[in-house]
Amino acid sequence: FDDTIPVSRCVNTGDITGKTKVGGVVGDIIGAVSDLYNTGTVTGAEAVGGILGYQGGDISYAYNIGKVTGDKDVGAAFGRVSSSYARNQIYYLDTLTAADTNAEGIDSTALRALVPTLNGDRNSAVWKSSPSQNDGYPIFIWQSEDSGETGGGPLQAVSNAVWQTNPSTGLLTGIASWDAVPHADSYTVVLWDYWSRETEYGAEN
């Protein structure tokens with residue numbers, strides 16, 4: 001597990017349950033994160049937050065409307081924070097019982113009108129809103145108007161992923177191919193392989 005990878009433009013709508021460093025979108029990360037929101041219920045024991053369980057880097061443009069419960073270090077946005085890192089434009093619904101001094105609690109009307117604030121002065125919009133989605137609360141540009149998912153439906157896992165071989169030598173080329181993912185505008189595929197002595201000489205594994 002790599003807890004230093006960048007996280008941006010992510011949403012969680014499911015219920016999250018854990019023990020320590022439990023977050024609605026991210027549990028524990030080292031590095032900057034931006035543009036996140038959570039609508040699911042978050043439950044844990046210690047360091048439980050509606051957005052992040054533990055803040056290990058700068059964070060900007062995020063909100064939570066999901067219920068958060070825990071025993072120690074519990075917040076509507078953050079479970080545990082570090083004074084070393086910045087928090088910019090972080091919000092939560094003020095009716096949540098887990099108040100959070102590290103973020104701003106606002107009412108439902110203000111939160112539904114938050115799109116211009118979340119987009120800030122960036123050249124390209126990241127957020128939008130739709131009365132028919134997410135109860136009118138901000139969503140991402142990549143979410144379709146009808147269902148909230150990319151392309152109007154849930155994404156499927158990559159299928160038929162194979163490593164290509166050189167037709168002359170029979171050796172693996174390091175180039176992979178796979179079937180296109182339906183309804184996806186873009187996606188990331190991570191492939192793992194190991195090279196054995198037999199592979200080096202062209203034998204099949």
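In this predicted model, the side chain of lysine 128 comes to 2.6 Å from the backbone oxygen of glutamine 143. Lysine 128 belongs to strand β15. Its relative accessible area is 16%, and because buried means under 20%, lysine 128 counts as buried.

**The neighbouring aromatic residues**

Strand β15 covers residues 127–128, and tryptophan 127 is therefore part of it. How many aromatic pairs does the protein contain? The count comes to 6. In one of them, the ring centres of tryptophan 127 and phenylalanine 140 lie 4.3 Å apart, and because the planes meet at 40°, the pair is classed as tilted. Phenylalanine 140 is in strand β16, so this pair joins parts of the chain that are 13 residues apart in sequence. Phenylalanine 140 also pairs with tryptophan 142, and here the arrangement is stacked, with 5.9 Å between the centres and 15° between the planes.

Are these three aromatic residues buried or exposed? The table gives the relative accessible area of each residue, together with its class.

| Residue | Relative accessible area | Class |
|---|---|---|
| Tryptophan 127 | 1% | buried |
| Phenylalanine 140 | 0% | buried |
| Tryptophan 142 | 32% | partly exposed |

The class of tryptophan 142 follows from its value: 32% is neither under 20% nor over 50%, so this residue is partly exposed. Tryptophan 127, phenylalanine 140 and tryptophan 142 belong to one aromatic cluster, which also includes Tyr37 and Tyr63.

Aromatic rings also take part in contacts with charged groups. The charged end of arginine 112 is placed over the ring of tyrosine 137, at 4.4 Å from the ring centre. Lysine 21 lies over the face of tyrosine 54, and here the distance to the ring centre is 4.9 Å.

**The nonpolar cores**

The largest nonpolar core comprises 32 residues. Which residues have the most contacts inside it? They are Ile59, Tyr63, Leu111 and Trp127. Two or more residues of this core come from each of the elements β4 (26–30), β5 (33–38), β9 (59–64), β13 (87–93), α2 (115–119) and β16 (139–140). A second core, separate from this one, has 5 residues, among them Val42, Val48, Val68 and Ala98.

Isoleucine 59 illustrates how such a residue is surrounded. Leaving aside residues up to four places away in sequence, isoleucine 59 touches Val33, Leu36, Ile51, Leu52, Phe78, Ala86, Arg87, Asn88 and Ile90.

**The protein as a whole**

The protein has 205 residues, of which 36% count as buried. Its secondary structure consists of 3 helices and 18 strands. Among the contacts with a separation of 6 or more, 60% are between residues 24 or more positions apart.

**Confidence of the model**

The mean pLDDT of the protein is 84, and 80% of its residues reach 70 or more. Which stretches have a pLDDT below 50? One is residues 147–152, where the value stays under 50 and the model has 16 contacts beyond four places in sequence. Another is residues 195–205, with a pLDDT below 50 and 12 contacts in the model beyond near neighbours in sequence.

Key: Residues numbered from 1 in each chain as written. Heavy atoms only, no water. Core = buried A, V, L, I, M, F, W, Y, C linked by side-chain atoms within 4.5 Å. Buried < 20%, exposed > 50% of the residue type's maximum accessible area, 1.4 Å probe, protein only. Helix = DSSP H or I, 4+ residues; strand = E, 2+ residues; numbered from the N terminus. Contact = heavy atoms within 4.5 Å. Phe/Tyr/Trp six-rings, centres within 6.5 Å; stacked < 30°, edge-to-face > 60°. Lys NZ or Arg CZ within 6 Å of the ring centre and 35° of its normal. pLDDT = per-residue confidence, 0-100. Polar contact = N/O pair within 3.5 Å; in protein donor to acceptor, adjacent residues only side chain to side chain.
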